[in-house]
Amino acid sequence: MPKGSPELTNARREEIINACEKLYRTMSFKEITIKEIGNATSFTRTSIYNYFQTKEEIFLALLKREYELWVAALKQVMEQHETMTEDEFADMLAHSLEERAQLLKIMSMNHYDMETGSRPEHLKSFKVVYGESIRTVMYGLDKYFPTMSVLEKQDFIYTFFPFMFGIYPYTVVTEKQRVAMEEAEVNYVFMTIYEITFHCVKKLLNA
């Protein structure tokens with residue numbers, strides 16, 4: 001590919017994002033640096049600055065990609081179903097998030113840092129995709145639950161999306177956290193991503 005071509009730019013951006021994603025499987029947000037990400041790519045660390053100025057921008061790009069995949073999955077299912085019951089709609093959302101644990105992990109732990117550490121153009125690009133995710137869920141409510149009022153649908157959106165930030169820390173618990181809760185005699189009910197999402201959606205639809 002010619003140097004500076006859109007294809008090369010996109011390929012290198014994806015390689016950087018993929019390297020970040022791979023590191024995030026075994027390292028924390030604080031541990032990952034531009035140097036670590038650069039070492040996991042096929043080009044020099046300084047070249048990363050041609051595409052991203054901070055690691056926060058790289059994580060934001062990864063989060064954007066996760067949202068895009070989530071939206072695409074939701075749209076695909078909704079295109080295949082003209083009707084859905086409350087259970088089926090809850091099942092769809094629960095399964096879609098169960099398959100996007102990386103999305104939930106990033107948004108629950110690093111969202112504020114990513115947004116404050118990114119340039120406005122990167123933040124705007126992310127917000128476009130985030131907005132599309134809201135519109136996609138709203139489309140599902142419009143399509144499958146036409147008797148819901150506008151206010152009820154707004155209540156669903158403004159409860160469900162903030163709820164998503166808490167799914168990962170409530171469902172993915174380390175052994176140290178589990179032991180600490182047991183020793184502290186916390187009566188905690190362990191749930192999966194699917195279970196906690198399904199129950200939440202069902203309650204919101206019946207509110």
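Me: What makes a spot on this structure a pocket?
Reply: Put a 1 Å grid over the protein atoms alone: a pocket is an open set of points where a 1.4 Å probe fits, with protein on both sides within 12 Å along at least five of seven lines, and lining residues have an atom within 4 Å of a point. This is a predicted model, where local features need pLDDT of at least 70 and side-chain atom pairs count only at pLDDT 80 or more, while totals for chains, interfaces and linings use all residues. Residues are numbered from 1 along each chain as its sequence is written, and side-chain values use heavy atoms, with hydrogens and water left out.

Me: Which residues line the largest pocket?
Reply: Among them are Ala 73, Gln 76, His 81, Met 84, Asp 91 and Glu 99. Helix H3 (55–80) and helix H4 (86–98) each give two or more residues, and H4 has the largest share, 5 residues. These are called helices because they are DSSP runs of H or I, at least four residues, numbered from the N terminus.

Me: Why is Met 84 in that lining called nonpolar?
Reply: Because Ala, Val, Leu, Ile, Met, Phe, Trp, Tyr, Cys and Pro count as nonpolar, Asp, Glu, Lys and Arg as charged, and the others, Gly among them, as polar. The lining of the largest pocket splits into 4 nonpolar, 5 polar and 3 charged.

Me: What about the second largest pocket?
Reply: Phe 156 and Leu 204 are among its lining residues. H7 provides the largest share, 4 residues, and the lining has 5 nonpolar, 2 polar and 2 charged.
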